[in-house]
Amino acid sequence: MKAIHRVRRQTGIEWHLGIEMKAKYIALTDALYRYLCECRTGALDPVLDSLREETEALGDVSRMQISREQGSFLTILSAAICARSAVEIGTFTGYSAICIARGLAPGGRLIAVDRSQEWTAVAKRYWTRAGIDNRIELRLGDAIPILRNLEPGLTFDFAFIDGDKTEYDAYYELILPRLRPNGLVAFDNMLWGGKLGAPLRDDPSGRAIDAMNRKLASDSRVETVLLPVADGIQLCRKRGAVGQAEW
Ligand SMILES: C[S@@+](CC[C@H](N)C(=O)[O-])C[C@H]1O[C@@H](n2cnc3c(N)ncnc32)[C@H](O)[C@@H]1O
């Protein structure tokens, strides 16, 4: 019975991949991108705008900061699931942390993990300016040992993964057991600048992202969708809520 089910599923997947898929997306232009950034709640945000400006002054590294609309999306996600406990891997100058923390339920806490003292010093100043510093606990150091040594029994409603791309799988495997059913994990840069689909021989990060996207798509522990927001967000919901065992 199981074997038949597997064959049917495989056939279904092949059929889906085999058909010509009509393009159901819009290629953005600068004008359209400006428009979508404007049509958001809080499009003018003095604290976030000032943080973007200060981060841009750091030079090329500023590319690492998430985009404005990604920030809004993170706030909505954490608020929509009433997250009380969240974790972020890859904090940089603190933009995504502010956005996640703003969506947390009263009394909620975000553990923000980054190895850079220099960049997180900027983050801490802006968390104070945003009035959410009491909701964020910075853990400074390498993400994998920090995740391995989290307090026993600590669980998360929401996770944002934006650290070293070659370590995404390790972060995921360490976070998933602590994620509550129906909790969410969002991974950034999952379209990898549009380079996926071509050979990624000299690009270990690209290869890791590609492997992660493919692993998540067939991982029965989660339900996942790859969204073309900025450089791509892979959004995963942990299955197995009470009464939803097969979901
Ligand atoms: C893409 S940036 C994060 C951007 C941030 N989410 C934002 O909104 O601005 C990646 C960050 O991950 C940190 N990082 C990279 N590898 C790490 C590791 N193994 N452990 C801890 N932090 C790491 C870097 O120091 C950098 O600040």
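This report describes the fold, the ligand shell and several individual residues of a predicted model.

The chain contains nine helices and seven strands, and buried residues account for 34% of its 247 residues. Among the contacts that join residues at least 6 apart in sequence, 67% link residues at least 24 apart. The average pLDDT of the chain is 91, with 89% of the residues scoring at least 70. Residues 1–15, however, have a pLDDT below 50, and this stretch makes zero contacts in the model beyond near neighbours in sequence. Where pLDDT is low, the predicted coordinates should not be read in detail.

**Strand E4 and its partners**

Strand E4 is largely enclosed by the rest of the structure, because six of its six residues are buried. E4 pairs with E1 in the parallel sense over four bridges, and E4 also pairs with E5, again in the parallel sense, over five bridges. Phe-160 can be used to follow both pairings: this residue of E4 stands opposite Glu-88, and its bridge partner in E5 is Ala-186.

**Helix H8 and the loop after it**

Helix H8 spans residues 168–175, and within it Tyr-168, Tyr-171 and Tyr-172 are buried. These residues lie on the same side of H8, because they cover an arc of only 100° around the axis. The cover over the buried residues of H8 includes strand E1 (85–89), strand E4 (156–161) and strand E5 (179–188), together with helix H7 (143–148) and helix H9 (204–217).

The loop between H8 and E5 holds Pro-177, which counts as exposed because it has 9 C-beta neighbours inside 10 Å, where 12 or fewer is the limit for that class. The C-alpha atom of Pro-177 is separated by 9.5 Å from that of Lys-238, although the two residues are 61 apart along the chain.

**The shell around the ligand**

Which residues come nearest to the ligand? Of the 20 residues around the ligand, these are Met-64, Gly-90, Phe-92, Ser-96 and Asp-164. Helix H5 (95–103) and strand E2 (109–114) are the elements that give two or more residues to this shell. In composition, the shell around the ligand divides into seven nonpolar, seven polar and six charged residues.

**Two residues with positive phi**

Phe-92, one of the residues that come nearest to the ligand, lies in the loop between E1 and H5 and has a positive phi near 55°, although it is a residue other than glycine. Asn-189, which is not a glycine either, has a positive phi of about 70°, and its place is in the loop between E5 and H9. Are these loop residues buried or exposed? Phe-92 counts as buried because it has 24 C-beta neighbours inside 10 Å, and Asn-189 is buried as well, with 21 other C-beta atoms within 10 Å; the class begins at 20.

The table sets out the neighbour counts of the loop residues discussed above.

| Residue | C-beta neighbours and class |
|---|---|
| Phe-92 | 24 within 10 Å, buried |
| Asn-189 | 21 within 10 Å, buried |
| Pro-177 | 9 within 10 Å, exposed |

Notes:
Residues are numbered from 1 along each chain as its sequence is written. This is a predicted model: local features need pLDDT of at least 70, side-chain atom pairs count only at pLDDT 80 or more; totals for chains, interfaces and linings use all residues. The arc is that of the directions from the helix axis to the C-beta atoms. Two residues are in contact if their C-beta atoms, placed from the backbone, lie within 7 Å. pLDDT is the predictor's confidence in each residue, from 0 to 100. A residue is near a molecule or strand if its C-beta atom, placed from the backbone, lies within 6 Å of it. Ala, Val, Leu, Ile, Met, Phe, Trp, Tyr, Cys and Pro count as nonpolar, Asp, Glu, Lys and Arg as charged, and the others, Gly among them, as polar. Two strands pair if DSSP finds at least two bridges between them.
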